[in-house]
Amino acid sequence: MAGARSARMRHVAERSRLVRPLVDRFIAGALERDAVATARRLTDEDLLVTLDYLGEDVMSADQARATVAAYRSILKIVGANGLGANVEVSLKLSAVGQSLGTGGEQLALDGALAICAAAAEAGTTVTLDAEDYTTISSTLKIHSRAHAEFPWLGIAIQAYLKRAEADCQELARAGCRVRLCKGAYVAPESASYKGGAVSDSYRRCLATLLSSNAYPMIATHDPAMIDAAKSLIAQFQRSRDSYEFQLLYGVRPEEQRALSAENRVRVYVPYGDEWYPYFMRRLAERPANLRFFVRAAASAVTGPMRRSGTSVGGVE
Ligand code: FDA
């Protein structure tokens, strides 16, 4: 997670050809046409898609406006290609100015409203991602304002935060689209759970959402969480169209297909140039990916890896 904020590591990763295959596993590509091609391939397999235009924590209002323009552009393509029923978009509010200080929240609300209007025209929906714990109250506020105009606007809740259960209870209302994930950021102990307590919180939030009239979006690859969701779906007799599972592009693709035999399954598909922070969060979730990345990055700095299989430059 520290690597996600390291300018030096970013510089190395973005230039290393050895890192590229690992990036390609998680990212559809740099261009809109890459995103649309991937979305088509997945929807042809009866999977749903949410497209994420990569980029976060923009530094200026101009960058925030550029993000809005990028979303409007992809949504126009989604609409023109008749993909609106199966392909929505996910939005990080920090990519439309939320963290810009005074005026940032209003800028993010305006951006979110513009993107929602474009989604409505394309016949699809938007879901707000959840980011750093310091932004959650602001994200819920923006969601509540925009939801009044666009009742299909979804929001992500991170089970690792101690506030998650209360937030789920607030959102457990008819038709409210709530994505439940474990959380991919770091928060202080006072605000967050660790280890098994995250799964316990996830289960409690699942029960709150699945016992309500909300539309839960169950975002996890964890077999234990998937099984817990399946039991609750049976217990509360949820119809197939009243919830969905969500998984990340490139993670457990065989499980995505298996789940889709009996459930709606949506794949989160990131695209664009700004892949570094998203990619680093995926590495942080899985040590095996991280080991491969460190070896490839070290090789880019020190030259090709030694044949003997010993570690490179002491990095391992
Ligand atoms: P866990 O991390 O325990 O993983 C379970 C198993 O899944 C692993 O053992 C492994 O097999 C596989 N796996 C998981 N991650 C992997 C990876 N990166 N590479 C390879 N295998 C992997 N977070 C957030 O803070 N805000 C958000 O808005 C979102 N949005 C979101 C949308 C969707 C559709 C998903 C699936 C996830 C998110 N997340 C997120 C990320 C989420 O919070 C969490 O970090 C990851 O999903 C990993 O947690 P799991 O529940 O998958 O369990």
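Angles between helix axes under 35 degrees count as roughly parallel, over 145 as roughly antiparallel, and 65 to 115 as roughly perpendicular; the rest are oblique. This cut-off is applied here to a pair of helices in a predicted model.

The pair is formed by helix H3 (residues 32-44) and helix H4 (residues 61-80). Two packed helices are described by the angle between their axes and the distance between the axes. For H3 and H4, the axes come within 11 Å and cross at roughly 45°. H3 and H4 are therefore oblique to each other. Their crossing is right-handed. On the H3 side, the contact is made by Glu-32, Ala-35 and Val-36. On the H4 side, Ala-70, Ser-73, Ile-74 and Ile-77 take part. By class, the contact of H3 with H4 has five nonpolar residues, one polar and one charged.

Helix H7 spans residues 164-171. Four of its residues, Ala-164, Asp-167, Cys-168 and Leu-171, are buried. These residues cover an arc of only 100° around the axis, which puts them on the same side of H7. The general geometry of a helix fits this pattern: an α-helix has 3.6 residues a turn, so residues three or four places apart point the same way. Several elements cover the buried residues of H7. Among them are helix H6 (136-149) and helix H8 (196-210). Strand S4 (154-158) and strand S5 (177-181) also belong to this cover.

Helix H6 also contains Glu-149. Glu-149 has a relative accessible area of 53% and is exposed, since the exposed class begins over 50%. Ile-27 lies 122 residues away from Glu-149 along the chain. In space, the C-alpha atoms of Glu-149 and Ile-27 are separated by 32 Å.

Two loop residues stand out by their backbone angles. Most residues other than glycine have a negative phi. Asp-46 is not a glycine, yet has a positive phi of about 65°. Asp-46 lies in the loop between H3 and strand S1 (48-53). With 64% relative accessibility, Asp-46 counts as exposed. Arg-252 also has a positive phi, near 45°, and is likewise a residue other than glycine. Arg-252 is placed in the loop between strand S7 (244-248) and helix H10 (253-260). The relative accessible area of Arg-252 is 27%, and Arg-252 is therefore partly exposed.

Notes
Residues are numbered from 1 along each chain as its sequence is written. This is a predicted model: local features need pLDDT of at least 70, side-chain atom pairs count only at pLDDT 80 or more; totals for chains, interfaces and linings use all residues. Side-chain values use heavy atoms; hydrogens and water are left out. Buried means under 20% relative accessible area, exposed over 50%, partly exposed in between (1.4 Å probe, protein chains only). Helices (H or I, at least four residues) and strands (E, at least two) are DSSP runs, numbered from the N terminus. The arc is that of the directions from the helix axis to the C-beta atoms. Contact means heavy atoms within 4.5 Å. Axes are lines fitted to C-alpha atoms, for helices over the stretch in contact, and angles run from 0 to 180 degrees between N-to-C directions. A crossing is left-handed if the near helix is turned anticlockwise from the far one by less than a right angle, and right-handed if clockwise. Ala, Val, Leu, Ile, Met, Phe, Trp, Tyr, Cys and Pro count as nonpolar, Asp, Glu, Lys and Arg as charged, and the others, Gly among them, as polar.
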